[in-house]
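I opened the model to go through its charged side chains and its backbone. These are my notes, in the order I looked things up.

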Amino acid sequence: MPADELGRKIIFVLLGLAIATAVFILVARWGKMRKEERPPVVQEVPGETRTITVYYGSRDAANLVEETREITSSGRLEDEVGEAVNALLEKPQDDALVSAIPPGTRIERVYWVEDEETLYLDFNRALTANHPGGSVSEYFTIKVILKTVSANFPQVAMVQLLVSGYPVETIAGHYGVSEPLDVRKWR
Amino acid sequence: MSFYSRNMPGFVFSALFMVLLAAPGLELMAQDKDEPEAVLGVVFSEGRRTVDVDLSRADDKSSEFYITAYDLARIFKATKYWKPGARKLVLRIGSKDYLFTIDTRVVVVNGEPVLMRVPARYVDGAVMIPLEFVGGVLSRESAERIELDGDNLVLTIGTPEYNVTGLRFEKVNGRTSAVLTLTDELLYHVDTDTPGLLRLKIYGGRLNTLKMSAVDGKGLFRRVRAEQTEYDAYLFFQVEQSASGFRVEFTDPEEGDHEQNLVIYLEKGELPEIPDADFAGRKMVEIFEPGSMAERGFEIEKIMIDPGHGGTDGGRVSSSGVQEKDINLDIARELKGMLVERLGVEVLMTREDDQFLTLTERGEIANIEEADIFISIHCNGWFHPEAGGFETYFLAPARTEEERRQAREENSAVELEDAEMDPEKLEELDFIIWDMVQNEFIAESSELAETVQKELAEVLTIRNRGVKQAGFKVLRGINMPAILIEVAFLSNRSEEKLLQDQSFQSSVCAGIVEAVRKFSSGKIAADAGAPGTGY
């Protein structure tokens, strides 16, 4: 290997190291500045939030277990219910728990008929199509929805489950859900 | 959380940065020095899980504890509204608003100012509320019962809705009786499988286990222990070996008394002659309530088996493609053969092949055939592969006694109206009648379910999940004792294998057949006037 080529290589390596060090210091300084500029952790956000209780199943399908969530307190029942039901679809915080709503389920619409104290929850087809089946899982699917409604929205007396806009006879073949369900029976 | 620890001076950061280059893991250790100063245990009586909440003090000398507004909102499900500029926080708990102003001792409750011992604070981005607010102001204002034990730092919220409220022992004419006070006429089941132990299960019962277990036994009752599960309440009475018979019944409530008394009478005496081999070795004979078992007693001659799902409704499909409807049919077919062979009864099936039936059709077929019992066979499923075991269901009453009474009154009004009946009302009426049909058989259905579960426990090694009550549509409107058996979980790998295993299926069938035999012979014994009744 010729000597001048070796010299060039050494220069390249040194240059590279110098650039890397400069970048590192810059990033570190910037990071430090950001850390110092960061305001204290704010737990209370401006505007109204409310704490709600949502329900999940234990891994062995023996117990119903609750967790709490923060939702925007808009004062509009439909929106708050929508947020609450969405929380049910997500993974619980506790690893020992599972969501009792079939994967892929979405809440499409929420209607509130105040005169009848009845809440209509319209889900996509995944609620029935992706349901794992079995009495226990069907029981928990209905129970977590109704219990979440009754625990957080006391003005609701009945809940009608809909799939793609229509009532269905059953979700997984054991419980009848074609009629509105009384939340008191599912507390 | 300590009040003065978050804002580390810049030089600490620089030093930390140097350390970071050498050992990245140290950052966590260095920052994590916020130890809670105390922990508040929060107990919810309505079944929510007990939670621990960190508390802090204003300074080392103060004895006042603080709780963050965040935790407070979480515990009481409060809506909170924070005005950063005005340094004000509103917590809406129940129907009341509590307005706190940072660094002042006044909390305004629905417009009324109340003074606290120490002010609310704002520290490290969190609003800190004095704990005394919870035990004092909030406890007085809240509709819920709130009790703060300041010494042990335990907060209890809510009054549990017990429906099994009391237990006492009475001795009348040489008989010892245990009197349970219930707020409702709940369904119960008694068994005496263990000599010297009387087990009373109260469906849907809720009780204070500490209070019930603290009662000393009297006379023939030696000791009592209470247990509470998610669905039901249990009382275990240890009785003297000389107790020979018992009877359980609801007594008529006294005038103006809203509570129900469930009384267990015990009688002393020699062991009665017990003809049936099944009862051999037992120290007691169960004497059925008049009006239910004994009066209706009959021998089982015709059984309707309902293989769950079918046709387009496959039921649960396992990860490897096994369909629940097929397993149900396999088990049902074998059960049919075994029942015919061992008990000589007539057995019918709601479906003999892969056919779709609605939930109501299944019951209708059983009613038309006038079967004596209805057994629906299913496989369970869950969202996690861990769940497993077998369980037996019977129908939960669709309405409480009070609701049924109201419904009956409403119905009679409907019936009295002229022919111009509103079709909607007609439908409603129909629905209520169907409800009542299975209600009539609930005591027997529970007996059958308990017997099946017990016999399955003898032959199966998977988890015994117990007898449950549920509002199944398939069991509604059935004019006979009816149960639904969830044999095992298709969502559980090892149970999925078992469900396809011939010997497992045979064990399940053998258990059910044995249960039907015992249920049937129990009926015959009751019908013939069980020996040793004495009452």
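I take contact to mean heavy atoms within 4.5 Å. The model is predicted, so side-chain atom pairs count only at pLDDT 80 or more.

**Entry: a buried glutamate.** I started with B:Glu334, in helix α7 (residues 324-343) of chain B. Which residues does B:Glu334 touch, leaving aside its neighbours within four places in sequence? I found B:Gln502, B:Gln505, B:Ser506 and B:Cys509. B:Glu334 is buried, yet it has no salt bridge. I looked for the nearest side chain of opposite charge and got B:Arg342, 7.2 Å away. A salt bridge needs nitrogen and oxygen within 4 Å.

**Entry: confidence in chain A.** I checked pLDDT next. Chain A averages 84, and 84% of its residues score at least 70. Over residues 33-45 of chain A the value is below 50. That stretch still has 23 contacts in the model beyond near neighbours in sequence.

**Entry: salt bridges.** I counted 30 over all chains. I then went through several of them.

B:Arg463 and A:Asp60 pair through their side chains at 3.2 Å, N to O. Why does this pair join two chains? B:Arg463 sits in the loop between α11 (442-459) and β26 (464-470) of chain B, while A:Asp60 sits in the loop between β1 (47-58) and β2 (64-72) of chain A, so the bridge runs from one chain to the other. B:Arg463 is partly exposed, at 40% relative accessible area. A:Asp60 is also partly exposed, at 21%. The cut-off for buried is under 20%, so A:Asp60 does not count as buried.

B:Glu391 and B:Lys468 form another bridge, 2.9 Å from N to O. B:Glu391 is in strand β25 (residues 390-395) of chain B and B:Lys468 is in strand β26, so the pair ties together parts 77 residues apart in sequence. Buried or exposed? Both B:Glu391 and B:Lys468 are buried.

B:Arg145 bridges to B:Glu147, with the closest N and O atoms 2.7 Å apart. I read a relative accessible area of 33% for B:Arg145, which is partly exposed. B:Glu147 is partly exposed as well, at 46%.

In chain A, I also noted a network of salt bridges linking A:Arg76, A:Glu78 and A:Asp79.

**Entry: a nonpolar surface patch.** I asked which residues form a nonpolar patch on the surface. They are A:Ile10, A:Val13, A:Leu14 and A:Leu17, with about 400 Å² of accessible area together. A:Ile10 lies in helix α1 (residues 3-37) of chain A. Its relative accessibility is 48%, so A:Ile10 counts as partly exposed.

**Entry: positive phi.** Most residues other than glycine have a negative phi. I therefore noted two glutamates with phi near 50 degrees: A:Glu117 and B:Glu370.

A:Glu117 is in the loop between β4 (107-113) and β5 (118-123) of chain A. A:Glu117 is partly exposed, at 40% relative accessible area. B:Glu370 is in the loop between α8 (359-369) and β24 (373-380) of chain B. B:Glu370 is exposed, at 65%.

**Entry: a long-range pair.** Last, I looked up B:Glu299, in the loop between α6 (293-296) and β22 (302-307) of chain B. B:Glu299 is partly exposed, at 48% relative accessibility. Its C-alpha atom is 7.2 Å from that of B:Ser521, and the two residues are 222 apart along the chain.

Notes:
Residues numbered from 1 in each chain as written. Chains lettered and ligands numbered in written order. Heavy atoms only, no water. Patch = residues over 30% accessible without salt bridge, like charges linked within 9 Å, V, L, I, M, F, W, Y side chains within 5 Å. Areas by Shrake-Rupley, 256 points an atom, 1.4 Å probe, with all protein chains shown as cover. Helix = DSSP H or I, 4+ residues; strand = E, 2+ residues; numbered from the N terminus. Buried < 20%, exposed > 50% of the residue type's maximum accessible area, 1.4 Å probe, protein only. Lys, Arg positive; Asp, Glu negative; His and termini not counted. pLDDT = per-residue confidence, 0-100.
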